[in-house]
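Got your viewer open? Load the model below and follow along, one selection at a time.

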Amino acid sequence: MEPTIFYTDGSKSDDSIATSAGVVLEGSTTAYSISLPRECFSFTAEAFAIKAVLDIIYNEFVSVKKDVIIFSDCQAVIKAINNNEINVYKNMYIVESRKRLFEINNKMDKNIIIVWTPAHIGVVGNEVADRMAKEGSKEEILQGDIVVPLLDVRSLFRQNMWNNTQSTIVQNSRAVGTSYFKNFYNPAMNKPWFAEFDEERAFVTFVNRLRSNHYNLNESLARKGYVDSARCDCGYEIEDVDHVIWRCSKYDETRIRLDLEFRSRGIFDENSIFTWIKRGRWTAVRIVYNFFRSINRVI
């Protein structure tokens with residue numbers, strides 16, 4: 001006997017009125033579009049769509065066969081439903097789906113299977129569910145009809161705090177941190193540049209000081225009024241980072257070893273250290289870091 005087949009989908013976009021879920025019963029002219037509060041994330045919409053199918057089956061709103069397949073294009077939701085771990089942040093609609101699934105399989109003598117299907121490859125049921133979900137995103141929902149899960153509220157709060165912080169930082173950049181904002185600021189990055197690196201703290205500090213354009217050389221110290229002159233002890237008018245790396249006569253002997261190290265790594269361009277940092281050329285930056293250590297300069 002052929003199984004009863006449902007397709008589910010969820011939808012959320014920045015310009016939509018609501019988050020929404022779509023449900024389609026294969027072989028039927030009936031499809032469902034469910035509007036959720038805009039604060040709900042797409043994960044919640046996907047979970048709610050599956051829960052809606054299980055509620056339809058449990059309450060016998062439609063006649064289904066013994067075997068039922070629910071197709072969803074959200075692997076994360078399917079994995080969450082199959083995961084036995086329970087904690088305070090677990091999506092409430094995942095928990096309710098698990099409970100309903102247990103009730104149906106054990107009390108109604110049904111065999112429910114939830115299966116992943118790729119999105120947007122021409123599967124008719126999935127495409128219709130997608131359209132129904134998008135339709136629901138255009139409709140307003142009465143407040144209080146559907147609860148926003150705790151994790152969605154928490155994530156929304158964190159996102160709003162992030163946006164407010166970035167807005168304040170950008171406004172302040174007109175007066176402070178102008179070099180950083182001109183060369184390194186990227187509003188799309190929500191993790192520090194070193195998040196994926198396994199680097200010692202001193203190296204991270206070295207790079208951060210250069211990115212902020214605040215370091216322990218006379219050019220930077222003079223800008224802040226800590227010393228009277230930006231002049232280098234070698235007589236050159238400005239002691240900045242690139243001067244120490246490429247030109248300062250005090251370090252000519254050590255610079256020979258620096259040049260050999262660059263050449264052994266296939267680095268032949270004498271770029272500014274700031275350019276290398278901006279382009280993520282960390283091998284070159286690491287060599288420069290070791291050079292400053294070798295001349296006992298902590299910047």
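## Stop one: the salt bridges

There are 17 salt bridges in this structure, which is a predicted model. Why do such pairs form? Side chains of opposite charge can pair when their charged atoms come close.

Start by selecting aspartate 55 and arginine 100, whose side chains meet in a salt bridge with 2.9 Å from N to O. Now colour the helices around them: aspartate 55 sits in helix 1 (residues 42–58) and arginine 100 in helix 3 (residues 92–107), so this pair ties together parts that are 45 residues apart in sequence. Is aspartate 55 buried or exposed? Aspartate 55 is buried, because its relative accessible area is 16% and the cut-off for buried is under 20%.

Next, pick lysine 66 and aspartate 109. Their side chains form another salt bridge, at 2.9 Å from N to O. Here the partners are in loops: lysine 66 is in the one between helix 1 and strand 4 (67–72), and aspartate 109 is in the one between helix 3 and strand 5 (111–116). The two residues are 43 residues apart, and the pair links distant parts of the chain. Turn on the surface and compare the partners: lysine 66 is partly exposed at 42% relative accessibility, while aspartate 109 is exposed at 52%.

Now jump along the chain to arginine 297 and glutamate 239, a salt bridge whose closest N and O atoms are 3.3 Å apart. Arginine 297 is in the segment after helix 12 (282–294) and glutamate 239 is in the loop between helix 8 (218–223) and helix 9 (241–246), so the pair ties together parts that are 58 residues apart in sequence. Arginine 297 is partly exposed, with a relative accessible area of 21%, but glutamate 239 is buried at 3%.

One more selection here: Lys51, Asp55, Glu96, Arg100 and Glu103 are joined into one network by salt bridges that share partners.

## Stop two: an annotated stretch

Select residues 1–138, where an unreviewed UniProt entry places the feature "domain: RNase H type-1". Over this stretch the chain is 39% helix and 24% strand. Put a distance line between its end C-alpha atoms, and you'll find them 38 Å apart.

## Stop three: the largest pocket

Which residues are closest to the centre of the largest pocket? Show Tyr180, Asn186, Met189, Lys191 and Arg211, the closest of the 20 lining residues. The space in this pocket is about 350 Å³.

Finish by highlighting helix 5 (150–172), which gives the largest share of the lining, three residues. By class, the lining has eleven nonpolar, six polar and three charged residues.

Notes: Residues are numbered from 1 along each chain as its sequence is written. This is a predicted model: local features need pLDDT of at least 70, side-chain atom pairs count only at pLDDT 80 or more; totals for chains, interfaces and linings use all residues. Side-chain values use heavy atoms; hydrogens and water are left out. A salt bridge is a side-chain nitrogen of Lys or Arg within 4 Å of a carboxyl oxygen of Asp or Glu. Helices (H or I, at least four residues) and strands (E, at least two) are DSSP runs, numbered from the N terminus. Buried means under 20% relative accessible area, exposed over 50%, partly exposed in between (1.4 Å probe, protein chains only). UniProt positions are given in the numbering used here, feature names are shortened, and annotations may be inferred rather than shown by experiment. On a 1 Å grid over the protein atoms alone, a cavity is a set of points where a 1.4 Å probe fits but cannot get out, and a pocket is an open set with protein on both sides within 12 Å along at least five of seven lines; lining residues have an atom within 4 Å of a point. Grid points are joined across faces, edges and corners, and a volume is the space filled by probe spheres set on the points. Ala, Val, Leu, Ile, Met, Phe, Trp, Tyr, Cys and Pro count as nonpolar, Asp, Glu, Lys and Arg as charged, and the others, Gly among them, as polar.
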